[in-house]
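Here is a walk through one model, taken in short steps. Keep the 3D view open while reading.

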Amino acid sequence: MLRFANPSFVLRFAARAIPIFGALAALLLAVGLYLVFFVAPADYQQGETVRIMYIHVPAAWLGMFAYMVMASAALGTLVWRHPVADAAQKSAAPLGAMFTFVCLVTGSLWGKPMWGTYWVWDARLTSMLVLLLIYLALIALWNTIEEPQRAAKAAAVMTLVGLVNIPIIKFSVDWWNTLHQPASVFKTSGPAIYGSMLWPLLIMAVGATFLFLALHLMSIRNEILRRRLDRLTRLAASANDMPRTARFEAAQ
Amino acid sequence: MKSPLAALFVREFAIARRIGGGGSMGVVFLLVLVTIVPFAIGPDLNLLRRIGPAILWIAALLAMLLGLDRLFQADFEDGSLDQLQLGATPLEFVVFVKCLAHWATTALPLVVAAPLFGVLMAQEAASMLGIGVSLLVGTPALTFIGAVGAAATVSLRRGGLLMALLVLPLCVPALIFGVSAATAASGGTIPFATPLAILAALTLASGALCPFAAAALLRRLGE
Amino acid sequence: MSHDHAFFIALSYGVTAIAVIGTIAAIMLDHRRLKKALAAMGVTVAARDDGQHLD
């Protein structure tokens with residue numbers, strides 16, 4: 001595990017793993033989509049609209065999984081202070097935001113034919129919306145603080161504070177939801193899932209997870225390269241400045 | 001001989017009082033918000049009575065954010081923060097006391113004023129009491145959570161908006177239970193004590209945890 | 001399959017496809033730009049950073 005602290009090792013690992021993860025993702029998603037559209041039955045209550053669930057649920061899962069990855073990387077930043085952990089943290093935020101966004105959009109598109117409106121303040125959707133806000137705030141934090149190391153530390157602590165908060169937000173939103181809406185109108189528990197629907201869903205979820213892993217590794221690789229480029233640019237700039245500094249010192 | 005923390009509290013209090021603005025400006029901001037809301041939604045007293053507690057809570061939440069980005073910034077800029085870190089008192093306690101002082105100067109006036117402004121929102125006496133008590137119990141949580149955001153953005157010249165982005169989603173639980181308690185006070189399906197107890201738990205938990213997060217940020221960002 | 005439902009299903013999969021493909025494209029374009037910039041500085045991606053203290 002410690003080898004992952006070495007950026008060169010991570011680059012070599014990424015070069016090998018990205019094609020494998022990418023291929024697995026493509027294969028599983030292709031099989032999953034085939035099953036979703038040609039094998040899985042329509043739900044007796046929801047009809048064909050149930051096919052939206054096969055992307056909605058994996059997106060929700062990855063929206064949360066990405067946060068777990070980000071929080072683990074945040075621990076890496078704070079405890080071991082390693083640049084690869086910083087890169088992993090920074091890369092996970094936009095990906096998590098993307099999956100959370102997909103979860104919200106598909107949930108809303110599922111809601112229109114089911115509930116007759118694009119958005120209801122359903123407890124689970126609302127919790128995901130707050131999660132999206134947290135992701136967006138973290139991305140804004142990364143973009144605002146210029147020094148990468150400082151940004152990494154600030155984002156790491158905010159990520160962990162968010163991690164503690166997410167279950168509390170979930171609990172309070174559930175409470176708020178039961179308070180304001182008669183539970184019978186919107187059933188908060190999902191529909192029962194049968195085997196013929198479970199397999200496609202599982203395959204889609206695993207495929208999407210490999211997609212996330214491949215994208216995350218690609219993004220981490222970019223961050224490592226960006227860091228090197230930054231470093232080289234600085235070295236070149238300071239090399240150019242050397243004579244001037246020397247002249248300045250000689251003049252003193 | 002005063003203890004270092006008591007001295008710090010007195011110092012913070014004195015600074016806030018001499019700079020002026022903090023508390024009284026927050027109250028004026030609250031009044032302005034309470035005034036412009038009816039312009040937006042119309043002077044329907046029944047509607048105002050129903051959403052009054054929510055409006056006052058949101059207004060108080062926003063008013064609390066006003067001066068929060070300066071919580072550590074002035075000390076960060078003039079080097080006092082380095083001095084406080086060098087002292088024998090753990091930074092976590094320093095943060096805690098700074099939060100308390102900030103709460104006393106910013107939130108306490110809001111807690112007193114908000115129920116009175118309930119008059120403009122057609123609130124009854126029981127409801128005003130509920131708003132006051134729920135704000136009294138809930139606003140410390142907002143200060144503690146806000147302190148983490150303030151610490152994260154301490155090195156930024158214009159961190160105010162970013163701080164609000166970071167802090168507001170984390171304030172959702174306090175807002176939910178605060179408004180629930182305030183609403184429950186004037187009758188409803190749930191007893192007043194339930195949301196208030198949870199609100200108190202949120203305040204205690206954030207008071208126990210947030211100073212550690214904020215102190216960790218201040219230490220690391222100062223490196 | 002009613003017309004209405006087909007529309008919402010197509011839109012869901014469409015938005016998802018755009019989001020995923022857009023993310024992949026953004027990351028790959030970023031990668032290409034970084035590789036070019038590094039090559040211009042005389043460093044290949046595969047190069048070991050040992051001794052250069054780039055990380």
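Helices here are DSSP runs of H or I with at least four residues, numbered from the N terminus. The model is predicted.

With that in hand, start in chain A. Helix 1 of chain A spans residues 7-39 and holds both A:Y34 and A:F38. The two residues sit four apart, about one turn of the helix. How are their rings placed? A pair of aromatic rings is described by the distance of the centres and the angle of the planes. For A:Y34 and A:F38, the centres are 5.4 Å apart and the planes stand at 35°, so the pair is tilted. The tilted class takes what is neither under 30 degrees nor over 60. A:F38 has a relative accessible area of 63% and is exposed, because the exposed class begins over 50%.

Helix 2 of chain A, residues 53-80, carries another such pair. A:W61 and A:F65 are again four residues apart, about one helical turn. Their ring centres lie 5.1 Å apart, with planes at 35°, so this pair is tilted too. A:W61 has 38% relative accessibility and counts as partly exposed. A:F65, at 21%, is also partly exposed; the buried class requires under 20%. A:W61 and A:F65 join A:F99 and A:F212 in one aromatic cluster. Over all chains, the count comes to 15 aromatic pairs.

Now turn to the contacts between chains. Chain C meets chain A through 30 residues of chain C and 41 residues of chain A. Together they bury about 3300 Å², with 73% of that area on carbon and sulfur atoms. What polar links cross this interface? There is one salt bridge. It joins A:R226 to C:D30, with the closest N and O atoms 2.7 Å apart. Five residue pairs are in polar contact, both residues at pLDDT 80 or more. The chain C side of this contact has 19 nonpolar, six polar and five charged residues.

Chain B also touches chain A. Here 25 residues come from chain B and 28 residues from chain A. The buried area is about 2400 Å², 79% of it on carbon and sulfur atoms. How many salt bridges form between chain B and chain A? The count is zero. The count of residue pairs in polar contact, both at pLDDT 80 or more, is zero as well. On the chain B side, helices 7, 8, 9 and 10 each supply at least two residues. Helix 10 of chain B gives the most, with eight residues. By class, this side divides into 21 nonpolar, two polar and two charged residues.

Technical notes
Residues numbered from 1 in each chain as written. Chains lettered and ligands numbered in written order. Predicted model: local features only at pLDDT ≥ 70, side-chain atom pairs only at ≥ 80, totals over all residues. Heavy atoms only, no water. Contact = heavy atoms within 4.5 Å. Buried area = accessible area lost by both parts, 1.4 Å probe. Salt bridge = Lys/Arg side-chain N within 4 Å of Asp/Glu carboxyl O. Polar contact = N/O pair within 3.5 Å; in protein donor to acceptor, adjacent residues only side chain to side chain. Nonpolar A, V, L, I, M, F, W, Y, C, P; charged D, E, K, R; others polar. Phe/Tyr/Trp six-rings, centres within 6.5 Å; stacked < 30°, edge-to-face > 60°. Buried < 20%, exposed > 50% of the residue type's maximum accessible area, 1.4 Å probe, protein only.
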